[in-house]
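Trainee: Hi! I'm about to open a structure I've never seen before. Could you walk me through it?

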Amino acid sequence: MSIWEALAVFLAGIGAGTINAIVGSGTLITFPVLLATGLPPVTATVSNGLGLVPGAISGAIGYRAELKGQRPRVLRLSVAAAIGGLTGAALLLLLPATAFETIVPVLVGLALVLVILQPRISKAVQRRREREGSHTHPDGGPLLFVGLLLASVYGGYFTAAQGIIYLSLMGMLIDDTLQRLNAVKNVLAAVVNSIAAIFFLFVADFDWTAVLLIAVGSTIGGQIGAKVGRRLHPTALRALIVCVGTVAIVQLLLR
């Protein structure tokens, strides 16, 4: 890896850590950069997952004030995240590399569609709640548990937009502020990334240089994201994610 490639990976790590702390989808920045350095898709994904663990923890710490009073919720949902993350990590290694290369553009595309439609879906669900006079379970109930379990399988397999999926599910099934749900999202992402990282350390190939660069960058980014998360306009962030994701899809298809 040249000095310029290393700098690009480090900066991508900062960007990923920042976006992950705010809303998620940071992998849409780091993954194409790692591919551009010449890493194979599976090795890039494993290296990316390992490197983003410190950033996820950093983001969760940055939102510690919003986590107050949510311990039972976090513990319950973390179980789903851990099981799903381990399952997804195993699938990444069990499936052939050719299958992975075929699936990833589809996953990224679906994630971007979710990024675009999530506000509209959340508003529609809220209007339905108001019409029916229904209330949500404080922890989202079994439906959220299963939904987060499946989302975490995806997160353990390929982390792009897992935070968006978490926020969408919790926003529809838990009646709480977005900032408090975002704090929970950061913890769940940290759980999935950590579980997958422990698994990958023993059974997968990864690039230590890429891991360290992303780890340092994402740790810095996690703190930045936690500080600016309440100030950045959602529309601007969503547009950025869509642009970066589109570049990732094009790069994967042309590879």
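Mentor: Happy to! Let's start with one residue, G147, which sits in helix α6, the stretch covering residues 141-157. Keep in mind that this is a predicted model.

Trainee: Okay, is G147 buried or exposed?

Mentor: G147 is buried, because its relative accessible area is 18% and the cut-off for buried is under 20%.

Trainee: And how far is the C-alpha of G147 from that of A80?

Mentor: Their C-alpha atoms are separated by 8.8 Å, while along the chain the two residues are 67 apart.

Trainee: Let me zoom out. How many helices and strands are there?

Mentor: The protein chain has ten helices and zero strands. If you read along the sequence, the pattern is α-α-α-α-α-α-α-α-α-α.

Trainee: How much of the chain counts as buried?

Mentor: Of its 255 residues, 51% count as buried. As for the outside, the chain exposes about 11700 Å², and carbon and sulfur atoms supply 70% of that area.

Trainee: What share of the contacts comes from residues 24 or more positions apart?

Mentor: That share is 84%, taken over contacts with a separation of 6 or more.

Trainee: Can you show me a residue with contacts like that? Where is Q70, for instance?

Mentor: Q70 lies in the loop between α3 and α4, the latter being residues 71-94. Leaving out residues up to four places away in sequence, Q70 touches D176, R180 and V184. Take R180: it is 110 residues from Q70 in sequence, yet their C-alpha atoms are 8.5 Å apart in space.

Trainee: Is Q70 buried or exposed, then?

Mentor: Buried, because the relative accessible area of Q70 is 2%.

Trainee: You mentioned α3. Which residue in there could I look at?

Mentor: Try T43, which is found in helix α3, residues 41-62. With a relative accessible area of 17%, T43 is buried too.

Trainee: What does T43 touch?

Mentor: Setting aside neighbours within four places in sequence, T43 is in contact with D205, F206 and D207.

Trainee: New topic: the surface. Which residues make the nonpolar patch?

Mentor: L93, I198, L201, F202, V203, W208 and L212 make a nonpolar surface patch of about 740 Å².

Trainee: Which helix gives the most to it?

Mentor: That's α8, with four residues. Both α8 (178-203) and α9 (208-228) supply at least two residues each, and W208 has its place in helix α9.

Trainee: What about charge? Which residues gather in the positive patch?

Mentor: On the surface, R120, K123, R127 and R131 come together as a patch of positive charge.

Trainee: Where is R131, the last one you named?

Mentor: R131 is in helix α5, which spans residues 97-132.

Trainee: And why does R131 count as exposed?

Mentor: Because its relative accessible area is 65%, and exposed means over 50%. Compare that in your viewer with Q70, which is buried at 2%.

Trainee: Great, I'll go and find them. Thanks!

Conventions:
Residues are numbered from 1 along each chain as its sequence is written. This is a predicted model: local features need pLDDT of at least 70, side-chain atom pairs count only at pLDDT 80 or more; totals for chains, interfaces and linings use all residues. Side-chain values use heavy atoms; hydrogens and water are left out. Patches are made of residues with over 30% relative accessible area and no salt bridge: like charges are joined within 9 Å, nonpolar side chains (Val, Leu, Ile, Met, Phe, Trp, Tyr) within 5 Å. Accessible areas come from the Shrake-Rupley method with a 1.4 Å probe; for residues, only the protein chains shown count as cover. A salt bridge is a side-chain nitrogen of Lys or Arg within 4 Å of a carboxyl oxygen of Asp or Glu. Lys and Arg count as positive and Asp and Glu as negative; His and the chain ends are not counted. The place of a charge is taken as NZ of Lys, CZ of Arg, CG of Asp or CD of Glu. Buried means under 20% relative accessible area, exposed over 50%, partly exposed in between (1.4 Å probe, protein chains only). Contact means heavy atoms within 4.5 Å.
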